[in-house]
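Me: Can you walk me through this protein, one question at a time? I'm new to reading structures.

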Amino acid sequence: MVKIIVLVAAYLIFAPIVGGLLAGIDRVITARMQGRVGPPVIQPFYDVFKLMEKEAVTVNKTQDFYVMCFLIFIVITGCLFFAGQNLLLIIFSLTLASVFLVIAAYSSNSPYSQIGAERELLQAMAYEPMVLITAVAFFLYTGSFEVSAILAYEKMAILPLLGIFLGYLFILTIKFRKSPFDLSMSHHGHQELVKGLTTEISGKSLALIEIAHWYENIFLLGFIFLFFANGTQTGIIVGVIVCLAAYFLEIFIDNNFARMKWQFALNSSWVVAAALGFANLAVLYVPVILSTMIGITG
């Protein structure tokens, strides 16, 4: 119990700090790849503090409430993950958080916000199957949906779940809101959606969304860590290194691929889920079926 409290407290305190630093490193690397000097690494923190000081301007009273719910459920999702709880419950909480963000965008009358909300729902349809397949794969391999049990499993899951790992990396581009799948909440002003579902959100509410993304990015990387955890120090070190490498891979993809249409995001994600996800599940499940059949005939 003490270990769980410490892990949850560490997540609550350090996740926004590490997430903000990763966002700052992202900006610096992006600028250098584009031939610019770029802002300082701590620029995301300056931006959030500046947004916090701005005058509160909102389209309606309910929008701020939905944004706050989005942040709360993102934090709850991360706490559940680092407390070692059930993966299915964690995925449900993450989906609920996304729903609150969509409702916040729909609550305004801006066509940009509403189109962004619709694309956010489409993105959820794109990545949810692969996320669920990832949870099922961990259950088939370790015999448990509990994060704590997966972390304590004596073998790394990366080789038996290699297809699942690659599929999760693919949809991680959507969750990190990187090109070519930055469809609902553009981080680049030249795109036609302006700022997508956050077009009518400003000031403290926009700062809360940025903080929520910092929290979210940390536990999304935590899913990658699960593939390398084996209850040893070696597993921890390898897992952290691969998490950082995966994040920098997403930055590289973001700066080298143009944004695609939502149809491509949806179709490609389902193809990846079928080709890598279900194929990997089949490989895992065949031995279970064979052993069951042998047991029945024996």
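Me: What span should the 32 residues of helix α1 have, and how far apart are its end C-alpha atoms?
Reply: Helices here are DSSP runs of H or I with at least four residues, strands are runs of E with at least two, and both are numbered from the N terminus. The expected span is 1.5 Å times one less than the number of residues. For α1, residues 2-33, that gives 46 Å, which agrees with the distance between the end C-alpha atoms, 44 Å.

Me: Good to know. What kind of model is this, and how are things counted?
Reply: It's a predicted model, where local features need pLDDT of at least 70 and side-chain atom pairs count only at pLDDT 80 or more, while totals for chains, interfaces and linings use all residues. Residues are numbered from 1 along each chain as its sequence is written, and side-chain values use heavy atoms, with hydrogens and water left out.

Me: Where does α1 bend?
Reply: A bend is the angle between axes fitted to the seven residues ending at a residue and the seven starting there. In α1 that angle is about 45°, and a proline, P16, follows within four residues of the bend, which sits at F14.

Me: How many helices does the protein chain have, and what is its radius of gyration?
Reply: The chain has 10 helices and 0 strands. The radius is taken over C-alpha atoms, and the globule rule is 2.2 Å times the number of residues to the power 0.38. For 298 residues the rule gives 19 Å, so the chain is as compact as a globular protein of that length, with a radius of gyration of 20 Å.

Me: Which element gives the largest share of the lining of the largest pocket?
Reply: On a 1 Å grid over the protein atoms alone, a pocket is an open set of points with protein on both sides within 12 Å along at least five of seven lines, a cavity is a set where a 1.4 Å probe fits but cannot get out, and lining residues have an atom within 4 Å of a point. The largest pocket has a volume of about 1000 Å³, and of its 33 lining residues the closest to the centre are L7, F81, F82, L151 and F225. The largest share, 9 residues, comes from α1.

Me: Which residues line the largest cavity?
Reply: This cavity holds about 30 Å³ of space. Two elements, α7 (162-175) and α8, give two or more residues to its lining. The full list is L94, V131, Y168, K175, L220 and F223.

Me: Is R177 buried or exposed?
Reply: R177 is in the loop between α7 and α8, and has a positive phi of about 60° although it is not a glycine. Most residues other than glycine have a negative phi. Buried means under 20% relative accessible area, exposed over 50%, and partly exposed in between, using a 1.4 Å probe and protein chains only. At 7% relative accessibility, R177 counts as buried.

Me: Which residues does the cis peptide bond join?
Reply: Most peptide bonds are trans. This one has an omega of about 10°, and one partner, P180, is in the loop between α7 and α8. The bond joins S179 and P180.

Me: How far apart in space are E154 and N60?
Reply: E154 is in the loop between α6 and α7, and with a relative accessible area of 53% E154 is exposed. In sequence, E154 and N60 are 94 residues apart. In space, C-alpha to C-alpha, they are separated by 52 Å.

Key: Grid points are joined across faces, edges and corners, and a volume is the space filled by probe spheres set on the points.
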